[in-house]
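Trainee: I should like to learn how to read the features of a structure that is new to me. May we take them one at a time?

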Amino acid sequence: MATIEVKNLSKVYGSGETKVTALDSVNVTIEQGQFVAVMGPSGCGKSTLLHLIGGLDRPTDGSVFIEGSDISKMSDKTLTELRRRKMGFIFQFFNLIPVLDAIENTALPLILDGVKPELARTKASEWLSRNKLDGRGKHRPDELSGGQQQRVAISRAMVSDPVIILADEPTGNLDSRSGDEIASTLRKIVTDWKRTVLMVTHDPRIAAYADRIIFLKDGKVVDDTLLNGSNGENAKRLKEKVESL
Amino acid sequence: MSVRHSLLGLLAQKPRYGYELCAGFTALVGGKENWDVKPAQIYTTLARMVESGLVIFNNLNGQQSKGEYTITPKGHYELMDWFRSSDIEEPHQDPFYLKLMLSLELDEVDASRLIVIQRAALYQELHRITEQRQALDPHNQLAQMMLMDKSAMHLEADLRWLDMIESRLDEVQRQPSPKPAMRPRGRPPSQSA
Amino acid sequence: MRIQILLAWRYLWGRKQRMVLTTLAVVFGVTLLFGLNAMIPAMMESFRHNMVTTAGKVDISISSESNNPFEESVLKDLSEIEDISFYTGILTKNVVLPESLGGTVNKLTGSSAVTVTGVDVATAQNVRNYSLIEGRFLEPNDTNATVIPQLLADKMELKVGDIFTIPSSEGVSDLKVVGILSLSASAGLDEIFVPLPDAQTILNLPQKINTIDILIKSGADRDVVVSSVLSKLGPNFKSGAIQTGEELASALTMGQSMMWLFGVMALAMAGFIIFNTFRTVVAERRRDLGMLRAIGASKQTIMGLIMVESLLQGIIGTGLGLICGYLFSYLLVSAVGNIFAGMLRVTIGAPVITTVNLIGSILLGVGFTVGSGYFPARSAMKVTPLEAMRPTLGSIEYRQNNRRAIWGLGLLTLSVVGLLLGNVSIAGLSGVVFLVGIILIAPVMVKPVADIFGKLISSIYSREGKLAQGNLTRQPSRAAITASSMMIGLAICIAMMAMITSIEHGFTTYLDKSLGTDYLLMPPSLVLGSGNLGVNQGFIEKIKSIDGVEEATSLRLATSQVDGTTLQLIGIDPLVYPKIAGLEFSEGDSVEAYKAMEQGSAIIVNGIFAVTNNVKTGDVLSLKSPQGERKYTVVGIGFDYLNAKISTGYVSQSDLAKDFNSESDLLLLVNRKPDATAEEVTPALQTVIKEFPTFSLIDSNEFKTEQMGMFKMAMSVFYIMVIMLAVPGLIAMANTMSINVIERTREIGMLRAVGATQTQVKRMVFAESVLLSALGTTMGILVGLFLSYLLVKAIGVIGFRTDFFFPTSGIIASIVVGLVFGIIAAMVPARQAANTVIVEALQYE
């Protein structure tokens with residue numbers, strides 16, 4: 001059973017003359033422990049795909065299966081619970097609550113799930129130190145650099161032991177060095193913690209950290225490249241591509 | 001030409017044996033995987049430099065194969081001259097460009113597929129470089145990391161260039177393809193290598 | 001819940017200034033609500049304390065249902081009842097000691113009073129224990145003797161054998177002190193005991209008593225005895241001591257409901273401010289809310305977050321409001337208390353916290369705050385997780401402005417029609433409809449008003465004025481909401497001012513009409529109720545016999561009950577009274593009414609009673625009297641000045657004597673002959689009055705001036721309330737302005753970055769604030785006029801009919817106040833905006 005399975009997924013915004021097809025019958029299967037980057041020119045539908053997989057938006061047509069269950073048919077309540085327990089979100093603008101400190105921000109999903117505050121704090125601190133933020137727990141977001149804020153956000157995404165991490169342009173608001181840090185943190189989440197990461201980015205250098213790149217154009221998948229195979233395997237795939245010419 | 005000057009540079013520090021120079025060069029570029037220079041090539045280069053009087057070979061114990069190389073003042077002058085020059089790579093001789101231009105002319109090849117394949121390959125390379133770079137320790141291998149960065153950035157530039165081509169491929173196709181200027185008479189223009 | 005509390009608390013803490021401002025609004029509301037309502041019970045409490053006769057150590061006290069005196073002969077019926085060991089009849093009443101008789105005199109609190117209790121000397125000591133420290137108790141053949149408590153003896157410097165003079169229906173009574181009692185347990189007034197016949201003479205109630213004290217046999221069941229006594233005596237009696245001054249208590253209850261209304265209005269304003277704040281809060285936090293939704297917060301959690309935040313503010317605000325309210329009430333009691341003390345002859349103690357007031361204030365304070373948070377919370381609930389992903393939040397401008405305006409216009413028309421229909425409840429409803437209509441139409445009004453006032457501002461600051469004007473017209477809904485909060489404040493002020501002006505005018509008219517006579521012979525207390533001692537017929541005859549007096553008429557008093565409502569009955573002479581004074585009729589024909597009164601069993605009721613008991617001309621009322629229920633036909637609705645505030649009925653004096661055993665004259669109205677001069681008549685009157693020190697001679701003109709002064713003083717309380725209501729308006733403006741500035745930090749930063757000077761930014765915010773207040777003032781004047789018209793009409797309905805006076809001064813004041821508020825409210829935000837650090841502003845998300 002694939003972690004994420006997307007079948008004939010379509011999303012249409014508006015109607016009539018203002019109708020925009022953001023996704024057009026997309027099929028994608030993502031296995032557990034894969035680090036997938038979604039790339040493509042702006043307006044290609046990459047964010048829409050992420051939103052639909054994350055259950056933040058409803059598809060016009062088709063289905064999204066998370067660990068075998070179809071989320072497009074779930075009620076808002078079930079979906080909310082699924083997001084809380086199985087998914088972690090990382091946003092371009094970090095989206096930390098400005099009035100909470102790093103530990104509290106990190107612990108949010110656990111508190112939302114009714115975990116005891118002490119346990120939530122302990123877990124949050126653990127994740128912060130894993131993400132090299134020891135001693136920053138009491139800092140509020142405005143006292144942290146962009147890269148640090150994003151690492152708090154990653155800690156927050158990881159704290160509830162989710163199956164899937166969804167990241168929307170996680171480095172879009174960072175300089176290239178902090179961007180590299182964030183990308184390698186995500187890499188570690190996949191390598192060390194065997195999580196599935198789906199990341200939307202337009203930065204090739206960040207995408208290169210992934211195991212697989214899905215290219216979207218005009219709402220369709222135009223290419224799907226595995227990056228991490230052995231040289232021989234890669235060469236074989238490349239050869240197949242060449243032959244399909 | 002850089003191998004030659006690197007060897008001169010290493011010798012400017014102190015006289016060295018041949019195998020010492022082989023190891024020194026590999027260390028300089030951060031490993032065989034970055035720049036795999038065979039010892040034979042090193043020795044050939046050294047022999048040429050001895051011929052040109054840039055270095056001197058001192059036999060040891062009369063053995064022909066074993067001995068120390070020392071830089072000459074001429075060699076030192078040549079090295080300094082190299083330092084004074086700047087290094088600009090020749091970016092226009094791009095094999096993929098040729099492939100792409102030709103594919104636009106030939107009906108049997110799809111230019112956009114070409115881009116897809118090239119991109120996949122570039123990404124695989126970038127991924128490999130990124131992994132390598134990740135494996136380095138920033139506390140004592142920073143120089144090598146910088147070299148990786150250079151490669152990564154070049155690959156990134158190539159990828160961006162591909163994106164740009166892809167987005168404007170239609171426009172390129174609509175324009176008349178570059179044709180050689182037909183000259184009725186005279187020799188073809190000389191070409192420099 | 002934990003997460004909501006954590007987040008709510010932190011968010012509040014993170015924006016202290018705003019929290020303080022919005023919470024302050026709640027504090028104000030609760031302060032008014034709680035404070036005003038703590039004052040009334042304080043008065044009630046001391047009133048009860050002072051006036052209600054304490055029953056002493058008796059098993060059962062029986063009095064008449066209507067609190068009126070009844071025939072002594074009733075006592076005989078009790079002898080047949082078993083289980084009663086002793087009973088005795090008592091006649092008790094409070095009597096005011098005028099200055100001339102040694103009463104303490106104070107301009108404001110007036111003279112002191114004593115309770116005169118006539119006891120049946122033979123049986124009294126069987127029922128109650130009188131412990132003497134000096135002298136003896138009354139003996140059967142005593143006349144003009146008294147036993148007084150030690151405290152009074154000390155106060156008046158009286159010893160056994162001394163003469164204690166008190167006012168009496170025959171003028172004065174000289175009582176010889178025969179004993180001094182140790183008991184001072186009865187709180188309130190000092191109680192002096194006299195033989196029953198003496199009391200009946202003093203109070204002009206021959207053969208009457210008003211309380212029966214009963215001692216039951218040991219082992220008997222009290223409840224059984226009470227019920228057998230009551231069944232013996234009939235339905236006109238009740239168990240329990242006589243309760244004097246119920247009519248005043250009902251007036252205070254009226255006052256209390258007014259106070260509640262005030263507090264609720266203040267709270268409604270606070271609610272508006274809270275609503276406005278939370279609306280902005282939700283808009284500001286869309287990203288945070290979206291993120292919370294994305295990471296798994298349910299809709300309910302989000303809604304709960306905003307609700308908890310408002311709950312916290314509600315609790316804090318209410319808590320502080322309760323404390324401030326108590327202090328406020330304390331101040332009020334000590335400031336205004338004196339006026340009331342003077343009028344009602346009671347001293348007012350510390351504010352009293354009643355459970356109803358406490359719980360009511362808490363419920364209303366917290367309820368309004370949470371209620372105002374509800375709609376913003378609902379809109380917060382609807383924030384989708386996708387909002388978290390949006391890089392910038394565009395403010396949402398409602399497109400349905402025009403449609404709303406049409407609705408608003410419809411409602412306005414409806415409300416005007418409702419007002420013209422003349423029905424009170426419909427008119428009241430139309431007031432609410434009008435308010436809603438104005439709020440709906442407000443966004444459309446923004447542009448024209450901003451255009452007009454914008455031109456004015458542009459003539460001073462050309463560039464900044466334009467910018468400010470643009471800012472407002474770009475977001476008419478937001479501007480309208482801000483202006484609305486100001487509008488409500490000003491509207492209430494204008495309405496109040498208009499009401500005061502109108503009442504003041506009406507008051508003068510009534511005073512002239514009610515006190516149309518040349519002289520008033522007034523009892524010590526203005527309110528006719530308890531404490532005033534009537535005089536017998538002889539007094540008015542003496543007055544009439546004076547040369548130069550053309551006509552004199554009296555007012556008499558009794559109390560009755562109709563369907564559980566206490567009704568003060570005024571006895572008038574239907575022949576003479578209309579000639580020299582006259583009631584102000586709002587229903588029924590005066591000539592017919594007086595004629596009907598002559599026939600008997602006819603009553604004229606005043607507006608308050610008519611409204612509260614839904615009585616119309618022609619209705620038949622069943623009045624409780626000591627003789628049982630009596631049927632009276634309502635022949636008109638009208639009132640005189642003195643009794644406008646209390647439920648009152650006017651009956652003929654012969655009816656009053658027949659049914660209610662009241663034959664004492666309480667107040668006399670005297671007219672001079674046209675050819676007689678004041679120089680002749682006044683000394684003659686003064687001579688007669690010397691024998692009746694209860695009365696003071698008052699020249700009506702002087703009295704009117706005095707009353708107007710009193711009235712103005714009382715109205716000053718209203719002015720204080722106007723200010724109290726206006727202050728939250730200022731807070732609302734300041735609050736919205738600073739929220740405006742916070743919302744636009746980025747924009748202001750940009751303006752600074754492209755070269756706007758600090759002064760220019762400051763001016764822009766200022767101009768905007770002035771424009772907003774202009775809008776608020778315009779709307780406030782419209783609504784205020786409507787409301788004031790409504791209020792004046794409403795007062796007319798409860799009997800205080802008056803013409804509507806256009807509140808010109810109120811409107812001018814409102815314009816000034818509005819503009820001043822606008823400027824004051826803009827001060828802090830303007831400075832804040834001007835000091836915006838450009839770089840930080842541009843980073844502001």
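Trainee: Is C:Ile362 buried, partly exposed or exposed?

Mentor: Please note at the outset that this is a predicted model. The general idea is to place the relative accessible area between two limits: buried means under 20%, and exposed means over 50%. The value for C:Ile362 is 34%, so this residue is partly exposed. C:Ile362 belongs to helix α10 of chain C, which spans residues 355-381.

Trainee: Which residues make a nonpolar surface patch with C:Ile362?

Mentor: C:Ile353, C:Leu358, C:Ile359 and C:Leu363 join C:Ile362 in a patch of about 430 Å².

Trainee: In what order do the strands of the open sheet in chain A lie?

Mentor: One reads a sheet from edge to edge. Here the order of the six strands is β6-β7-β8-β3-β9-β10, with mixed pairing. The edges are β6 (87-90) and β10 (220-226) of chain A, each of which pairs on one side only. On average, neighbouring strands of this sheet are turned by 15 degrees against each other, direction ignored.

Trainee: In which sense do β6(A) and β7(A) pair?

Mentor: Their pairing is parallel, over four bridges, and β7 of chain A covers residues 164-168. A:Met87 is placed opposite A:Ile164 of β7(A). Across β6 and β7 of chain A lies helix α5 (residues 146-158), which runs at about 170 degrees to β6(A).

Trainee: How many helices and strands does chain B have?

Mentor: Chain B has seven helices and three strands, arranged from the N terminus as α-β-α-α-β-β-α-α-α-α. Of its 193 residues, 31% are buried.

Notes. Residues are numbered from 1 along each chain as its sequence is written. Chains are lettered from A and ligands numbered from 1 in the order in which they are written. This is a predicted model: local features need pLDDT of at least 70, side-chain atom pairs count only at pLDDT 80 or more; totals for chains, interfaces and linings use all residues. Side-chain values use heavy atoms; hydrogens and water are left out. Two strands pair if DSSP finds at least two bridges between them. Helices (H or I, at least four residues) and strands (E, at least two) are DSSP runs, numbered from the N terminus. Axes are lines fitted to C-alpha atoms, for helices over the stretch in contact, and angles run from 0 to 180 degrees between N-to-C directions. Contact means heavy atoms within 4.5 Å. Patches are made of residues with over 30% relative accessible area and no salt bridge: like charges are joined within 9 Å, nonpolar side chains (Val, Leu, Ile, Met, Phe, Trp, Tyr) within 5 Å. Accessible areas come from the Shrake-Rupley method with a 1.4 Å probe; for residues, only the protein chains shown count as cover. A salt bridge is a side-chain nitrogen of Lys or Arg within 4 Å of a carboxyl oxygen of Asp or Glu. Buried means under 20% relative accessible area, exposed over 50%, partly exposed in between (1.4 Å probe, protein chains only).
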